[in-house]
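Dear colleague,

I am passing on the structure we spoke of, with the sequence alongside. My notes on it follow below, and I would be glad if you read them with the model open.

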Amino acid sequence: MKKSFSFKWLDAPAFNTKVKCDNVKNSERWLGYFLGPAIIACMSAICSQSYLNVFYTDVLNLSPIAGGLFLALMPLLSKVLDAITNIIMGQFVDKTKCKQGKARPWILLSGPALALASILVFSVPVTSTVVTVVWVTMSYNLYFCISYTMYNISCNLMIPLSTRDNKQRDTLAMANSMGIAMVPGMLVSILFPMLLLPYMGTDQTRWMICMSLVGILAIPATLIQYYFTRERITEENQAAEVKEESKTLMEQIKGCFNSQYWIVIVGIITVVTLMNNFTVTSTIYYCNWVLGTYNDGITTTLVNAIGQAPLGLGVIALWPLVKKFGKRNVMMVGGILGIIGCVICALNPTNMGVVLAGLVIKSFGTLPYTYILLAMLADSLDHVEWVNGFRCDGFSSSVYSIILTVTAGISTGVFNLLLGRLGYVAPLADGSWVPQNGAVQMLFIAGMFIVPAGAMFLVTFLLSFFNVEKELPQIQKDIVARRQQEA
């Protein structure tokens, strides 16, 4: 592997960050960490497992291929490749020596790659089964294993590399989480099923046109994020990094596993993302086949609008609670609340009023999961640096991205395998459909409520081992003092 990536062409003044202040200001917070990531998150939410899976099952009708094994195994096997490319991309980031930082250059490069890949994903030729299968496999891997990996690895590092000021970092985490959770929740989860899904139906041409327009938004989004972010910690460590050798992958792995808090937060992130992916994949199917009727334009909109309303309203109260009681304690209480909401929904999954009430309770409970996890990961990375004397940003971001992608493949693969085995019947090309059998409907109910309840119970248990917040002030002082001695 090449020793380093210098990106000399980024030395031109035109590529300099617009952020000049040593302290985080509103332009950085709301443009670099909210707006840019929000646009990518909206695009990703549409191109991700839920709507993309509907495109595969209902538009291309791929469920019958190999008795359902193609849609079950393709995402799973792709995640093996994805795990490899995530590790490679993490090493690329760690080996990047550029005055613009080590993550920001890759954000800039990811924009055109994401735009092209997202267009190809929905431009599938249907001349034959073989051609369709090959195109789907290649475009899927181009998007998830290369383009999105490039963006995701670098984007995940921006909060840990932004500043050592814990309070400023928490505000960046809040803005970033609002962008990647609240905005897609409002636009994609509400407007998309209400307006676009009924319009596109099972017409592949309409899907291709709409998704191509969405994909092009990746270019301006990554430009905004690139110009309105700054890697202050990278700048701080540049002098010290000149004196020390780059750490090998094995040294970084060992360094991360030396931190008990890193291990715990990785476990929590794994459980949460598995829960989220299975729930997101199940939602539209649950609304179409259990709670409402197929593409009625109302049920999915109501479930997303009412059920996810706390993601916008609750954040106002969340951060004062975090400041007073701490991230861990707020998340533990939220988990208990989320379990109660899931139980309410599961007891009467066909009653709209009961389900919406339960989803509101569940959403308030999962607020901390949505907005706090990135800040907790950043805290654990400081502990890794404190324990080892060096940072493991690239590897940690690789692990985080692998978790996001591999769990998506696992949840989608398992879901699609069960769809095929339980007898899921896709709508016909003319839009007509027949009700699903009881076993298929139970799968959708489990994905919406039973799996999340179990996951939140496990997360609450794991949180009892995450106490880094109490130690963080001294950790920060020790790291700064160490860097001053090394300079």
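Arg230 is buried, with a relative accessible area of 12%, and it is a good place to start in this model, which is a predicted one. Arg230 forms a salt bridge with Asp22, in which the closest N and O atoms are 3.4 Å apart. The two partners come from distant parts of the chain, 208 residues apart, since Arg230 sits in the loop between helix H9 (218-227) and helix H10 (232-243), while Asp22 belongs to the segment before helix H1 (26-47). Unlike Arg230, which is buried, Asp22 counts as exposed, because its relative accessibility is 56% and the cut-off for exposed is over 50%. Arg230 also forms a salt bridge with Glu235, with 3.0 Å between the closest N and O atoms, and Glu235, at 34% relative accessibility, counts as partly exposed.

A search of the whole structure finds 17 salt bridges, and another of them joins the side chains of Asp382 and Arg169, at 2.8 Å from N to O. This pair, too, links distant parts of the chain, with Asp382 in helix H18 (residues 373-388) and Arg169 in helix H7 (residues 166-200), 213 residues apart. Are these two residues buried or exposed? Asp382 counts as buried at 0% relative accessibility, and Arg169 likewise counts as buried at 0%.

Turning to helix H17 (residues 352-371), its 20 residues should span 28 Å at 1.5 Å a residue, and its end C-alpha atoms are 27 Å apart, which agrees. The helix nevertheless bends by about 40° at Gly365, and a proline, Pro368, follows within four residues. Both Gly365 and Pro368 are among the buried residues of H17, which also include Val355, Leu359 and Tyr371. At the N-terminal end, H17 is capped by Asn351, a side-chain oxygen of which lies 3.0 Å from the backbone nitrogen of Gly353.

Finally, the largest nonpolar core has 141 residues, and those with the most contacts inside it are Tyr56, Tyr286 and Phe444. Helix H12 (residues 260-291) contributes the largest share of this core, namely 18 residues. If neighbours within four places in sequence are left aside, Tyr56 is in contact with Asn61, Leu62, Leu71, Met74, Val121, Val136 and Tyr140.

With best regards

Note on methods
Residues are numbered from 1 along each chain as its sequence is written. This is a predicted model: local features need pLDDT of at least 70, side-chain atom pairs count only at pLDDT 80 or more; totals for chains, interfaces and linings use all residues. Side-chain values use heavy atoms; hydrogens and water are left out. A nonpolar core is a set of buried Ala, Val, Leu, Ile, Met, Phe, Trp, Tyr and Cys residues joined through side-chain atoms within 4.5 Å. Buried means under 20% relative accessible area, exposed over 50%, partly exposed in between (1.4 Å probe, protein chains only). Helices (H or I, at least four residues) and strands (E, at least two) are DSSP runs, numbered from the N terminus. Contact means heavy atoms within 4.5 Å. The expected span of a helix is 1.5 Å times one less than its number of residues. The bend at a residue is the angle between axes fitted to the seven residues ending there and the seven starting there. A polar contact is a pair of N or O atoms within 3.5 Å; within protein, one must be able to donate a hydrogen and the other to accept it, and residues adjacent in sequence count only if both atoms are side-chain atoms. A salt bridge is a side-chain nitrogen of Lys or Arg within 4 Å of a carboxyl oxygen of Asp or Glu.
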